[in-house]
Each structure stands twice: as structure tokens, then as C-alpha cells.
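Colleague: Pick one spot in this model and take me through it up close. Then work outwards from there, please, and keep the cut-offs handy as you go.

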Amino acid sequence: MGRITQENFNDLYVDSIEVQQIDKFVCAEMSRQIHRYIKGMSGRKCIMEKFEEKLSGLTVAEKEEAIARYIDLNRKAIRGLDFKLVLARAIANYCDTFDYMLHLVNNKQKMEYYLNRIYDKYIQYHEVIEVDGKFGIRDHKGNILLKPQYDFIRTCYVYVDDLVMMPIIAQKNGKMGLVLPDRNDTVVADFIYDDIQLRDEPPYFEAKKGKEKVLL
């Protein structure tokens, strides 16, 4: 192995098995934090079980992606969360001796590496973009989720326990509708409504068309 420098540290210094295992334990801890958030939000056991059921059949990588999507829609879920504590708990689960745990947590470079890894995996916020006065959405990698063709869009930050993709409230040609940020601009509710408001519980949308109100 060559000389370790700041530039090649990640390639030469990090053990792949260690990374794999710490990723797994970080994922378990992040799942536990979301579990606690759901409990605090609803206080209902069935809601927590629904969340756990959705995650149970996924690989670690799939769980990471699902939890990142959840956090993107429920950013309050990590408000006040200390990611250093998440990492410390993951390291404690990985280590088989107390001395080895101390060795890892006191290794500044490794801690920075794993913290950056956590941020990269779980903080993946989308953003609204504007092109020629029209609005769309792109993900954290720059992929277009909704083409910039809408007069107005409202991203729905809502408590969703089953990890579903939530529609976006959008306006087109003076009318409101719902579209999915699925890269295909899939229309969930046609652009025929005068107004659409977000609700706190399913069905999550209340639409208004003239004097008529409907739940979507």
C-alpha cells in the first residue's frame, strides 16, 4: 500500500468490511430515529408498525434511499438530531471491545469520513428550479423530477409513514392539479381546480372547483 495522504485517504485507509457494517448500523439507528419521530407525531403503534413493515423487506442501500426520501418530505424528523451521536451508536454496535471503540471515535479523520458519508446518504433534499418564469423540481444530484413548465408548485412537506411518493401541488394555465415528481410529470389530479390545499391526514389534499370541494 502506498503512502496515505489526504487525497487518497478514503481509498487506502478505510476498510470495506468496516464501512459496510457501520453503514448497516447507521441505517438501523436512522430507522430508530424516524420510528421515534413517528411515535411522537401520532402516538399510534399501528403507524410505527406500518413504517417498520415498509422497511423490513429492503436491503441496506434501499433502506438508506427510502429513509432519505422520508427525511426530504419530513425534514422535522431530524430537527435537533446529533449525527455524531448516530455515528457513535453505530460504531459501538460494530466494535467488539471498548478499547477499539475508543480508538475509532478518537480517530478524527475516520469520524469526519463517516459523518460526511451519513450526510451524503441521508440529506438529499430536492429543490425548486425556475426557467423562463416556469417552475420545476430537481433532486440533490441535479436530475429533473418535474420539468419547469408550471406557473406555481408547492412541495408537500407532510408526515407520511408508508414511504409513498407524494404528489406536488402545481398550477398550469390558471388551474391547479397534482403531479408526481417521478421524472415523467405523471398527472394524479387533472388541472381543473381553482385551489388545492394540503391536509394533515389522508386523503392529503382538499380541492376546490367553483363552490364544490372534493378530497383527493
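**A close look at Val 179**

Modeller: Val 179 counts as buried, at 0% relative accessibility; buried means under 20% relative accessible area, exposed means over 50%, and partly exposed lies in between, with a 1.4 Å probe and protein chains only. Bear in mind that this is a predicted model, where local features need pLDDT of at least 70, side-chain atom pairs count only at pLDDT 80 or more, and totals for chains, interfaces and linings use all residues. Residues are numbered from 1 along each chain as its sequence is written, and side-chain values use heavy atoms, with hydrogens and water left out.

So much for the small print; back to the spot itself. Val 179 sits in strand S6, residues 175-179 (helices, H or I with at least four residues, and strands, E with at least two, are DSSP runs numbered from the N terminus). If you skip residues up to four places away in sequence, Val 179 touches Leu 146, Tyr 150, Pro 167, Ile 168, Ala 170, Asp 185, Thr 186, Val 187, Val 188 and Phe 191; contact here means heavy atoms within 4.5 Å. Val 179 and Met 166 are 13 residues apart along the chain, and their C-alpha atoms are separated by 8.8 Å.

Now let's zoom out. The chain has seven helices and ten strands, and 39% of its 216 residues count as buried. Of the contacts between residues at least 6 apart in sequence, 46% join residues at least 24 apart. The accessible surface is about 12700 Å², 48% of it belonging to carbon and sulfur atoms (Shrake-Rupley areas with a 1.4 Å probe; for residues, only the protein chains shown count as cover).

On to the cores. In soluble globular proteins, nonpolar side chains tend to be buried together. A nonpolar core is taken as a set of buried Ala, Val, Leu, Ile, Met, Phe, Trp, Tyr and Cys residues joined through side-chain atoms within 4.5 Å. The largest one has 34 residues, and Val 26, Met 30, Ile 34, Ile 67, Leu 87, Ile 91 and Tyr 122 have the most contacts inside it. Helices H2 (16-42), H3 (45-56), H4 (60-73), H5 (83-94), H6 (98-105) and H7 (108-122) each chip in at least two residues, with H2 giving the largest share, nine. There's also a second, separate core of eleven residues, which includes Met 166, the residue paired with Val 179 above, plus Met 176, Ile 196 and Phe 205.

Inside the helical part, Ile 67 is worth a click: leaving out residues up to four places away, Ile 67 touches Cys 27, Met 30, Ser 31, Ile 34, Leu 55 and Tyr 122. Have a look at the H5 and H6 pair too. These helices pack at about 145 degrees with axes 9 Å apart, using Ile 91, Ala 92 and Tyr 94 of H5 and Tyr 100, Met 101, Leu 104 and Val 105 of H6. The axes are lines fitted to C-alpha atoms, for helices over the stretch in contact, and angles run from 0 to 180 degrees between N-to-C directions.

Last stop, the charges. A whole-structure search finds twelve salt bridges, each a side-chain nitrogen of Lys or Arg within 4 Å of a carboxyl oxygen of Asp or Glu. Arg 117 pairs with Asp 23, closest N and O atoms 2.8 Å apart, linking H7 to H2 across 94 residues. Asp 23 is buried at 11%, whereas Arg 117 is partly exposed at 25%. Glu 29 and Arg 89 come to 2.9 Å at their closest N and O atoms, tying H2 to H5 across 60 residues. Glu 29 is buried at 7%, while Arg 89 is partly exposed at 32%.

Then there's Lys 121 with Glu 64, closest N and O atoms 3.0 Å apart, joining H7 and H4 across 57 residues. Shared partners also gather Glu 29, Arg 32 and Arg 89 into one salt-bridge network. Glu 64 is buried at 7%, and its C-alpha atom is separated from that of Lys 121 by 6.6 Å. Setting aside neighbours within four places, Glu 64 is in contact with Asp 23, Cys 27, Lys 121 and Tyr 122.
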